[in-house]
Amino acid sequence: MNEKPRLNTKSVRGRIVRAHRDRPVVEPIFQSATFEASSFDTLLRVPSADRFYTRYGNPTFTATETRIAELEGADGALVFASGMAAIGTALLAVLRAGDHLVVQSDIYGGALAFIGEWLPRYGIDSTRIEPDDPDGFERAMRKNTRAIYIESPSNPMLKVVDLKRIAELGRRHGAVTMIDNTFATPINQRPHEFGIDIVLHSGTKFLSGHSDLVCGAVTGTKALIEELSRARRSFGGVMDPHASWLLMRGMKTLALRVERQNENALRLARHLQGRPGVRRVHYPLLEDHPQRALVRSQMAGGGGVVSVELDLSPEATRRFVESLMVILLAGSLGGVESFATIPALTTHAMIPASDLERQGITENLVRFAVGVEDAEDLIEDIDQALATVAS
Ligand SMILES: *Cc1c(COP(=O)(O)O)cnc(C)c1O
């Protein structure tokens, strides 16, 4: 028996346990808000229960959480109503008044707003560091730094942060290290293997993979997950059991989808590189990525997101995106369908113009979230849209 299944097997089956006979192949949905107890004794054994009251837990969550934990190589996982519910709950569970947080400057806008706008109300201060300034993280550490929060690769410039170095820095200062691993997925990068404490996901993206759910997840050690589980109960950001079941269903093809998305994204990036009308292509696995050695040391694949600086005016860039036929004009990413958006106008619109310019997020930067279609169709679509704006 194979004790350590590989990633596709793990996506489909999780850990292989042969005791499961006379059971459905697919986990059932426990679409129930509460559970009947056989006696008061069992009813009162509340804490660890996933059969007490669904805000505390639910067997459908447990099945999904076990799969996510196995994929990330963690002791445990928790699912949440959204990626932001997972991120917010994790930050509030780790930090308290008077603490300091060191945070990467170009993380997901929603997380940045949570840290910048809401945490100060509870007496939690933060320092922002550019992802390509590894010494900056070190310099920013204070006596009261309780956590380091990163995202790698980052959105939309696909910069990477040295996971091993961050994990060591956290350990040296007694700070909890947290990463948003949404873009990489556990198929391309497993941060716990590098010593990172908490891994966060917007399950809305690659984990569920079909653009039909909003959900989130956290993985970590048993102790951290127990603490976060108490926080989830109090803050209430649980998933619906049916949504959790759909997430589990989506994850069975996670490795399959991500491998195809890696392949499509790399082909698209290579096609665009050096093409007339294209100024610069950002993708972790391209030969000219400024942190190529680091990418190779911590990522197994480049992921499904490619950002492209076009040699076009802001107006022409908009017309380019609107001229795409196969690739949909939409925010979000990680689905089986390909999307294109202009981050400066959409996902990053709330960020001050000076910050955007410094990060290179201009109005002629297009972010492609590559799906599982045929790469030739995506490439032909981009070529026809570029030809349309050129004419
Ligand atoms: C979408 C996203 C989030 C937020 O997740 P929701 O499910 O929308 O709440 C967080 N981080 C990253 C990197 C994302 O792409």
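## Two sheets, their helices and a ligand site

In this predicted model, helix H13 (residues 314-323) lies across E9, E10, strand E11 (339-341) and E12, and runs at about 20° to E12. The sheet to which these strands belong is open and mixed in its pairing, with five strands in the order E8-E9-E12-E11-E10. Strand E8 (278-282) and strand E10 (328-329) stand at its edges with a single partner strand each, so one side of each has no neighbour in the sheet. Within this sheet, strand E9 (residues 305-310) and strand E12 (residues 365-369) are antiparallel and are joined over five bridges, and the bridge partner of valine 306 in E12 is phenylalanine 368. H11 also packs on this sheet, where it touches E8, E9 and E12 and makes an angle of about 15° with the direction of E9.

Helix H11 (residues 254-272) also meets helix H15 (residues 375-390): their axes come within 10 Å and cross at roughly 35°, and the crossing is right-handed. On the H11 side the contact involves Asn264, Arg267, Leu268, His271 and Leu272, which meet Ala375, Glu376, Leu378, Ile379, Ile382 and Asp383 of H15. The residues of this contact divide into six nonpolar, two polar and three charged.

The other sheet described here is likewise open and mixed, with seven strands in the order E1-E7-E6-E5-E4-E2-E3. Its edges are strand E1 (76-80) and strand E3 (125-129), each of which has a single partner strand, so that one side of each is left without a neighbour in the sheet. On average, neighbouring strands of this sheet are turned by 20° against each other, direction ignored. Strand E4 (residues 145-151) and strand E5 (residues 176-180) run parallel and are joined by five bridges, among which glutamate 151 has aspartate 180 of E5 as its bridge partner. Helix H7 (residues 163-173) packs on the sheet by touching E4 and E5, and its direction makes about 170° with that of E4. Helix H9 (residues 222-235), in turn, lies across E1, strand E6 (198-202) and strand E7 (216-220), and runs at about 20° to E1.

Aspartate 180, the partner of glutamate 151, is also one of the residues closest to the ligand, together with Met84, Ser202, Thr204 and Lys205, out of 13 residues that surround the ligand. The table lists three polar contacts with oxygen atoms of the ligand.

| Residue | Protein atom | Distance to a ligand oxygen |
|---|---|---|
| Methionine 84 | polar backbone atom | 2.8 Å |
| Threonine 204 | polar side-chain atom | 2.6 Å |
| Lysine 205 | polar side-chain atom | 2.7 Å |

Methods:
Residues numbered from 1 in each chain as written. Predicted model: local features only at pLDDT ≥ 70, side-chain atom pairs only at ≥ 80, totals over all residues. Heavy atoms only, no water. Pairing = 2+ DSSP bridges. Helix = DSSP H or I, 4+ residues; strand = E, 2+ residues; numbered from the N terminus. Axes fitted to C-alpha atoms, helices over the stretch in contact; angles between N-to-C directions. Contact = heavy atoms within 4.5 Å. Left-handed = near helix turned anticlockwise from the far one by under 90°. Nonpolar A, V, L, I, M, F, W, Y, C, P; charged D, E, K, R; others polar. Near = heavy atom within 4 Å. Polar contact = N/O pair within 3.5 Å; in protein donor to acceptor, adjacent residues only side chain to side chain.
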